[in-house]
Amino acid sequence: MLAKNYDYVWGEQHYEREALPKRERESREYVNEDKHRTLRHRILALVIVIMVGYFFAVVRSESMVRYGHELVSLKQQEEWLINKNSELKIEVEQLKGPERIIGIAEKNLGMSVARSNIYIKATAVRNNTAAYALANK
């Protein structure tokens with residue numbers, strides 16, 4: 001008995017399909033197929049947009065990391081150059097010092113410092129007419 005009911009329902013549905021005109025049936029199938037095709041195109045476009053956005057984010061992230069590393073190395077180089085500059089300034093001051101010049105003059109040139117002709121600037125002037133005084137050494 002159940003088999004007859006199933007056959008009857010199947011036969012009825014089959015009959016209803018055959019009852020529709022052929023053109024109407026094809027147009028309905030075409031509309032359904034067109035809807036599915038449009039939906040697939042929209043989904044594909046959405047996936048492509050998401051992939052392009054993801055690719056852009058990855059490239060941007062990679063460039064930010066690269067620039068970060070470059071910035072760190074430049075800061076280290078700047079710190080090293082500042083330290084080197086300070087060392088060179090100290091070395092220049094040592095080379096410009098009168099002790100070095102006197103040492104070179106005495107050793108290499110055989111010169112000596114004349115102690116009787118050294119003039120110093122007086123900070124507290126007792127005599128208003130003389131700004132320089134003769135050293136007594």
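**Entry 1: burial.** I looked up how much of the chain is buried, and found that buried residues make up 3% of the 137 residues. I note here that the model is predicted. I then looked up the exposed surface: the chain exposes about 13,700 Å², and carbon and sulfur atoms supply 60% of that area.

**Entry 2: secondary structure.** I looked up the helices and strands, and recorded 3 helices and 2 strands in the chain. Reading along the sequence, I wrote down the pattern α-α-α-β-β.

**Entry 3: Arg100.** I next turned to a single residue. Arg100 has its place in helix α3, which covers residues 98–108. Is Arg100 buried, partly exposed or exposed? Its relative accessibility is 37%; because the partly exposed class lies between 20% and 50%, Arg100 counts as partly exposed.

I then asked which residues Arg100 touches, not counting those up to four places away in sequence. I found Gln94 and Leu95. For Leu95 I also recorded a polar contact: the side chain of Arg100 reaches the backbone oxygen of Leu95 at 3.0 Å.

**Entry 4: rings.** How many aromatic pairs does the chain hold? I recorded a count of 0 aromatic pairs, taking rings to pair if their centres lie within 6.5 Å. I also looked for a charge over a ring, and noted that Arg66 lies over the face of Tyr67. The distance of Arg66 from the ring centre of Tyr67 is 5.4 Å.

Notes
Residues numbered from 1 in each chain as written. Predicted model: local features only at pLDDT ≥ 70, side-chain atom pairs only at ≥ 80, totals over all residues. Heavy atoms only, no water. Helix = DSSP H or I, 4+ residues; strand = E, 2+ residues; numbered from the N terminus. Buried < 20%, exposed > 50% of the residue type's maximum accessible area, 1.4 Å probe, protein only. Areas by Shrake-Rupley, 256 points an atom, 1.4 Å probe, with all protein chains shown as cover. Contact = heavy atoms within 4.5 Å. Polar contact = N/O pair within 3.5 Å; in protein donor to acceptor, adjacent residues only side chain to side chain. Phe/Tyr/Trp six-rings, centres within 6.5 Å; stacked < 30°, edge-to-face > 60°. Lys NZ or Arg CZ within 6 Å of the ring centre and 35° of its normal.
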